[in-house]
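Reader: Hi! I've just opened this one and could use a friendly walk through it. Mind if I ask a few quick things?

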Amino acid sequence: MANKTTEFLISHNIEESIKHRSPERKHARMLYKELHPARILLFKCMDGRVHIAKFTNIPTGILRPYRTLGGIFDLGDSYLSDLIEKTIKHCSSKKPCLIVSTYHFSKGSEKRCCAGHDNNTGQALVWAKRLRDQFKSVFLEKRNEGILYSIVMGIETDNQSLIFHNKNGEIFNVFENLNSSREEIILKMLKIFPDVSDEVMNALMELVMGNYNYIKNSTSEEVALDREHKELSLCIGLGFDWLHIPNKALIVSPFRSHLKTLDDCIAIAASIILKNIKSGRVDEKDGVTIMCAGLLFKEHTNDEAQKMRAHFLYKTAKKVIEKRVPELLNYNLEYVVGVTSHDTRLFTEFDPTEFEKTFEQGTIVYPEELTFISKISEN
Ligand SMILES: [Zn+2]
């Protein structure tokens with residue numbers, strides 16, 4: 001029988017998939033896209049407290065999130081740059097793409113800042129700016145002028161406030177402008193981002209005003225609840241864009257950077273979960289869940305390829321946790337491995353041990369091959 005954390009994740013996925021496919025949600029997304037045609041790609045930390053759809057009240061399924069430890073992405077990773085190419089090829093000047101490279105921090109305590117950067121907010125900001133500049137140099141050359149726009153955005157998790165940075169270091173902090181009117185805010189944003197198209201400013205203002213209304217309507221008790229880490233699950237891979245509850249899971253993408261390897265990301269995330277249990281912020285009886293997923297886009301991949309990705313992530317996670325955070329195994333740890341459909345957001349589980357058997361034929365070495373190998377060794 002599955003532990004409580006796994007049970008929750010599976011039933012939450014089914015509920016969200018049903019909602020995602022419902023005519024009401026489809027209609028809401030269509031209406032939103034008509035009014036706000038710019039596509040928003042968010043590059044952010046795996047941290048479960050950083051939940052921008054919630055902090056802006058933007059309907060689910062609109063923002064396209066990419067998550068990993070510390071928001072440490074590098075466009076030198078061919079898998080990431082290939083995915084971005086595929087994502088932005090449908091953008092145009094009427095339907096531009098806003099790329100938001102983010103960092104996060106806590107105003108009240110250095111300890112609550114980003115674990116991916118050892119709580120060093122300066123380093124987190126520098127990395128976010130580095131990613132913005134990589135986007136500028138790779139994708140924003142002449143061919144994409146007016147189609148793509150890349151900015152840096154901070155998230156202050158104590159007040160759940162957004163902070164927008166332009167390339168000259170000028171800042172607009174939503175929390176410090178709660179007494180300004182919408183008209184005053186537009187003027188300030190236009191001053192900071194004078195070169196954006198109307199469509200991109202429209203998208204930026206959705207983030208700003210969504211966050212402005214969210215902060216004004218949240219009680220301080222609600223906000224305080226999510227100041228500390230409370231995750232009991234770790235989601236590895238792509239295909240978790242159905243998890244709409246903050247502080248439930250840490251999410252690590254399978255992308256590479258020279259700063260942290262995938263193994264490092266998994267180990268740091270696993271140790272955050274262990275700390276959450278030991279500090280008593282979560283109920284250890286619920287159990288720990290490691291979910292590994294591939295993401296199925298019908299138009300450019302297939303089910304077997306995504307199963308293989310999920311299986312690879314499962315093997316990697318298992319090895320890293322057993323070696324680097326073995327204490328976590330004492331807390332009813334379970335692996336759930338599967339493939340998420342991008343269209344329906346439904347996660348379909350498979351048995352990784354059975355999947356492994358698909359390749360059993362390859363483990364047999366035939367006599368002719370043995371002779372061949374021994375001859376190579378002799379030489
Ligand atoms: Zn972080």
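Reader: Let's start with H6 and H7: in which hand does H6 pass H7?

Author: Happy to help! Keep in mind that this is a predicted model. H6 passes H7 in a right-handed crossing.

Reader: Which residues make that contact between H6 and H7?

Author: On the H6 side they are Arg182, Ile185, Ile186, Met189 and Leu190, and on the H7 side Met201, Leu204, Met205, Val208 and Met209. Sorted by class, the contact of H6 with H7 has nine nonpolar residues, no polar ones and one charged.

Reader: And what is the angle between H6 and H7?

Author: H6 covers residues 182–192 and H7 covers 198–217; the two pack at an angle of about 125°, with their axes 11 Å apart. That angle is why H6 counts as oblique to H7.

Reader: Which strands does H7 lie across?

Author: H7 lies across S1, S3, S4 and S5 (161–165), and it runs at about 150° to S5.

Reader: Cool, so what is the strand order of the sheet with S1 in it?

Author: The order is S2-S1-S3-S4-S5-S6, an open sheet of six strands with mixed pairing. S2 and S6 (171–173) are at the edges with a single partner strand each, so each has one side without a neighbour in the sheet. From one strand to the next, the twist averages 25°.

Reader: Is S1 largely enclosed or largely open?

Author: Largely enclosed by the rest of the structure, because seven of the seven residues of S1 (residues 39–45) are buried. S2 is mostly covered, with four of its five residues buried.

Reader: In which sense do S1 and S2 pair?

Author: In the parallel sense: S1 and S2 (residues 64–68) pair over five bridges. Within that pairing, Phe43 has Tyr66 of S2 as its bridge partner, and Cys45 has Thr68 of S2.

Reader: How many bridges are there between S1 and S3?

Author: Five, and S1 and S3 (residues 97–105) also pair in the parallel sense. If you want a spot to click on, Ile40 stands opposite Leu98 in S3. Leu98 in turn stands opposite Tyr149 in S4.

Reader: How many bridges join S3 and S4, then?

Author: Nine bridges, with S3 and S4 (residues 148–156) paired in the parallel sense.

Reader: Switching topic! What is the order of the five-strand sheet?

Author: That open sheet runs S8-S7-S9-S10-S11, with mixed pairing. Its edge strands are S8 (249–252) and S11 (347–349), each of which pairs on one side only. On average, neighbouring strands of this sheet are turned by 30° against each other, direction ignored.

Reader: Which strands does H9 touch there?

Author: H9 packs on the sheet and touches S7, S8 and S9, and its direction makes about 175° with that of S8. H10 lies across S7, S9 and S10 (333–341), running at about 150° to S9.

Reader: How do S7 and S9 pair?

Author: S7 (residues 233–237) and S9 (residues 288–296) pair in the parallel sense over five bridges. As one example, Ser233 has Thr289 in S9 as its bridge partner.

Reader: Back to the helices: how far apart are the axes of H9 and H10?

Author: They are 9 Å apart, and H9 (residues 262–278) packs with H10 (residues 303–324) at an angle of about 60°. That angle makes H9 oblique to H10. H9 passes H10 in a right-handed crossing.

Reader: Which residues form the contact of H9 with H10?

Author: Leu262, Asp263, Ile266, Ala267 and Ala270 come from H9, while Thr316, Ala317, Val320, Ile321 and Arg324 come from H10. The residues of the contact divide into seven nonpolar, one polar and two charged.

Reader: Last one: where is Ser17, and which residues does Ser17 touch?

Author: Ser17 is in H1 (residues 4–21). Leaving aside residues up to four places away in sequence, Ser17 touches Trp242, Thr344, Arg345 and Leu346. Ser17 and Glu349 are 332 residues apart in sequence, yet 14 Å apart in space, C-alpha to C-alpha.

Reader: Why does Ser17 count as partly exposed?

Author: Because Ser17 has 18 C-beta neighbours inside 10 Å, whereas a buried residue needs 20 or more and an exposed one has 12 or fewer.

Technical notes
Residues numbered from 1 in each chain as written. Predicted model: local features only at pLDDT ≥ 70, side-chain atom pairs only at ≥ 80, totals over all residues. Axes fitted to C-alpha atoms, helices over the stretch in contact; angles between N-to-C directions. Parallel < 35°, antiparallel > 145°, perpendicular 65-115°, else oblique. Left-handed = near helix turned anticlockwise from the far one by under 90°. Contact = placed C-beta atoms within 7 Å. Nonpolar A, V, L, I, M, F, W, Y, C, P; charged D, E, K, R; others polar. Pairing = 2+ DSSP bridges.
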